[in-house]
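Here are my notes on the model you sent over. I've kept them as numbered points so you can reply to each in turn.

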Amino acid sequence: MSKRNIKNSIKLYWEDTLLEMFPSKSLFVHKTNELLISDIHLGKGEYFQQNGIPLTNGGDKSNFERIYRLIDKFNPSKLIILGDIFHSKYSISSNLKNNIEELINYYKNKIIFIEGNHDKGCLIKDILYIKNKRSLNLIYSHEPLNIKEKNVLNICGHYHPKFLLKDFKDKISLKCFALDNYRNKLYLPAFGDLTGGKFCNREFQKWGILSENNIVEIQ
Ligand SMILES: [Fe+2]
């Protein structure tokens, strides 16, 4: 990996639609000013605690701070969350409820919630989940969809893609964006702090998140 290839963002064209991937684990659609993130898994720390594992996430403080920072930076026409906003219906505290309602109020009518498998039963005032959304030649969903149109890209989450960076004596796994060129799917990395992941298929094109500010194409 040459230092030259390490960037602050990476642009990708899907036909004439410009997408930009950021190390903040967000994707910006230039034509529509939509900002996409996926798999936040709010309440995951509390879920572990309920199950006797002393894991803490400070009430998702960093997750919320990062979302507010993105809204202020991009001022998108819509913030689209591609599912798994919450981790479990059993770990939605009143604090979490207040924080999410505050966020919805802050960005009124501009947040679109796509329902993920973890969001089932997570009923919060003012959240109306949708299954998927079409925009230009893109379809946003949580799990990958079977789409027949050849010129349409499905942008989804669910898999929390990651990759292994290694040399002969050490290795580390990092989150990435992953493009399946054969099936027209772009998988977003999980946005949440406490999220594991799945190693992606070797044939996928990958852009790895090295730090808060750095992203790189993985060859
Ligand atoms: Fe997820």
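1. Let me start with a small puzzle: is H158 buried or exposed? This is a predicted model, and in it H158 has 21 other C-beta atoms within 10 Å, so the residue is buried; the cut-off for that label is 20 or more. H158 belongs to the loop between β10 (153–156) and β11 (161–166). Have a look at its backbone too: phi is positive, about 75°, although H158 is not a glycine.

2. E15 makes a good companion to that one. Here again phi is positive, about 55°, and the residue is not a glycine. E15 is located in the loop between β1 and β2 (17–22). Is E15 buried or exposed? There are 11 C-beta neighbours inside 10 Å, so E15 counts as exposed, given that the label applies at 12 or fewer.

3. Stepping back to the whole chain: the protein has three helices and 16 strands. For 219 residues, a compact globule would have a radius of gyration near 17 Å, and the protein agrees with that at 17 Å. Along the principal axes, the C-alpha atoms fill a box of roughly 45 × 45 × 30 Å. Buried residues come to 42% of the 219. As for contacts with a separation of 6 or more, 67% of them join residues 24 or more positions apart.

4. Now the open sheet. Seven strands form it, in the order β1-β2-β3-β4-β5-β6-β7, with mixed pairing. At the edges are β1 (10–14) and β7 (129–130), each of which pairs on one side only.

5. The mixed pairing is easy to follow strand by strand. β3 and β4 run antiparallel to each other, over three bridges, and V29 has E34 of β4 as its bridge partner. β5 (residues 78–81) and β6 (residues 111–114), on the other hand, pair in the parallel sense over three bridges, with I81 standing opposite F113 in β6. β6 and β7 are also paired in the parallel sense, over two bridges; I114 finds its bridge partner, I130, in β7. If you want to trace a crossover, β5, α3 and β6 make a right-handed β-α-β unit.

6. Helix α2 (residues 61–74) is worth a slow rotation in your viewer. The helix has 14 residues and spans 20 Å from first C-alpha to last, close to the 20 Å expected at 1.5 Å a residue. Which residues of α2 are buried? They are N63, R66, I67 and L70. These cover an arc of only 100° around the axis, so they lie on the same side of α2. On the face turned away from that buried side you'll find the exposed residues K61, E65, R69 and D72.

7. What do the buried residues of α2 pack against? Their partners are β3 (26–29), β4 (34–37) and α3 (94–106). That ties the helix to two strands already met in the sheet, β3 and β4. Just after α2 comes N75, with a positive phi near 40°.

8. Y140, in strand β9 (residues 138–141), deserves a look of its own. The residue has 27 other C-beta atoms within 10 Å, so Y140 is buried. Setting aside residues up to four places away in sequence, Y140 touches L36, I80, L82, I114, N132, K133, S135 and I155. One of these, L36, is 104 residues away along the chain, with 8.9 Å between the two C-alpha atoms.

9. I155 follows on directly, as one of the residues Y140 touches. I155 sits in strand β10 and is buried, because 28 other C-beta atoms lie within 10 Å. Beyond its neighbours within four places in sequence, I155 is in contact with L27, L36, L138, Y140, L186 and L188. L36 therefore turns up in the contact lists of Y140 and I155 alike. For another distance to check, the C-alpha atoms of I155 and S141 are separated by 6.4 Å, with their positions 14 residues apart along the chain.

Definitions and conventions
Residues are numbered from 1 along each chain as its sequence is written. This is a predicted model: local features need pLDDT of at least 70, side-chain atom pairs count only at pLDDT 80 or more; totals for chains, interfaces and linings use all residues. Helices (H or I, at least four residues) and strands (E, at least two) are DSSP runs, numbered from the N terminus. Two residues are in contact if their C-beta atoms, placed from the backbone, lie within 7 Å. The expected span of a helix is 1.5 Å times one less than its number of residues. The arc is that of the directions from the helix axis to the C-beta atoms. The radius of gyration is taken over C-alpha atoms; the globule rule is 2.2 Å times the number of residues to the power 0.38. Two strands pair if DSSP finds at least two bridges between them. A crossover is right-handed if, with the strands pointing away from the viewer, the path from the first strand over the helix to the second runs clockwise.
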